[in-house]
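Trainee: Could you take me through one part of this model closely? I would like the central sheet, what packs on it, and one buried side chain in its setting.

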Amino acid sequence: MKDATELPRSLLVLGGTSEIALATARRLIARRTRTVWLAGRPSLALENAAGSLRALGADVRTVAFDALAPESHEGALGKVFAEGPVDMVLLAFGILGDQAHDERDPVRAVRVAQTNYTGAVSAGLVAGRALQTQGHGWLVVLSSAAAERARRADFIYGSSKAGLDVFAQGLGDALYGTGARVMVVRPGFVRTRATAGRPRTPLATTPEAVATAVELGLRRDAETVWVPGSLRLLTTVLRHAPRALFRRLPL
């Protein structure tokens, strides 16, 4: 396992107000990271997030980034890479949507898909190419355990994450041997502001637990990380459950 001296010194977060991303940034700053770029829509929340990380001693900058504007991704990320090497890109943007409402409103459903999948394809390709060009670096992609099998309760969100998950795996294969690497992180239900009020599922986790898992994944050169680790076995069982049985499960 790698030691802390091999963890990233520079970090670009796509989705700069994500609670999981900020927990990860805090953990990496405590280890080795000194430069952080927070990319997101300009807002007070983004500036507050940057301020909270600066208080930990990091050099933190913000950059305007909109997942729904793929034509702008090349310029936004290019601005960051032009400043110097980026050791890790954390792709952390995404929306949960509201399954009950989104089923009745295709425009809202498409927005979930465009944010979680289409926007990620664009940003992921731009980031992957930049990491390949510099010859090193991690692209860490926040997927979800929901990507493993469609559930009645969240199949719109789950399908968008399934597309993202397959894309990230394929991109990792495409970049293999170039010095750039991809790690897919699959957390279960994460207790954040975005999930407040939603029914909790078994094996629920926290942003801090995901951040810990990301650090351990980097140290181990992992390509896939489950949070918590026991989810891997559970989702394997559920993935192979007969459909008639799966429909009756309280998922």
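Mentor: Of the 251 residues in this protein, 47% are buried. Keep in mind that the model is predicted. The secondary structure comes to 9 helices and 7 strands. The radius of gyration is 18 Å, close to the 18 Å that the globule rule gives for 251 residues, so the protein is as compact as a globular protein of that length. Along the principal axes, the C-alpha trace spans about 55 × 40 × 35 Å. The exposed surface is about 12000 Å², and carbon and sulfur atoms supply 56% of it. Now take the contacts between residues at least 6 apart in sequence: 72% of them join residues at least 24 apart.

Turn to the sheet. It is open and has 7 strands, paired in parallel. Read across, the order is E3-E2-E1-E4-E5-E6-E7. Strand E3 (59–64) and strand E7 (224–227) stand at the edges. Each has a single partner strand, so one side of each is left without a neighbour in the sheet. From one strand to the next, the twist averages 20 degrees.

Look next at one pair inside that order. E1, residues 10–14, runs parallel to E4, residues 88–91, and the two pair over 4 bridges. Leu14 stands opposite Leu91 in E4.

Two helices lie across these strands. Helix H1 (residues 19–31) crosses E1, strand E2 (35–40), E4 and strand E5 (137–142). Its direction is at about 155 degrees to E4. Helix H5 (residues 106–134) lies across E1, E4, E5 and strand E6 (180–187). H5 runs at about 165 degrees to E5. E1, E4 and E5 thus appear under H1 and also under H5.

Finally, the side chain. Gln99 sits in helix H4, residues 99–102. Its relative accessible area is 11%; the cut-off for buried is under 20%, so Gln99 counts as buried. What covers that position? Setting aside residues up to four places away in sequence, Gln99 touches Arg152, Ala153, Asp154, Phe155, Ile156 and Tyr157. Take Tyr157 from that list: Gln99 and Tyr157 are 58 residues apart in sequence, yet 7.7 Å apart in space, C-alpha to C-alpha. Phe155 adds a polar detail. Its backbone nitrogen lies 3.2 Å from a polar atom of the Gln99 side chain.

Note on methods: Residues numbered from 1 in each chain as written. Predicted model: local features only at pLDDT ≥ 70, side-chain atom pairs only at ≥ 80, totals over all residues. Heavy atoms only, no water. Pairing = 2+ DSSP bridges. Axes fitted to C-alpha atoms, helices over the stretch in contact; angles between N-to-C directions. Contact = heavy atoms within 4.5 Å. Buried < 20%, exposed > 50% of the residue type's maximum accessible area, 1.4 Å probe, protein only. Polar contact = N/O pair within 3.5 Å; in protein donor to acceptor, adjacent residues only side chain to side chain. Rg over C-alpha atoms; globule rule 2.2 N^0.38 Å. Areas by Shrake-Rupley, 256 points an atom, 1.4 Å probe, with all protein chains shown as cover.
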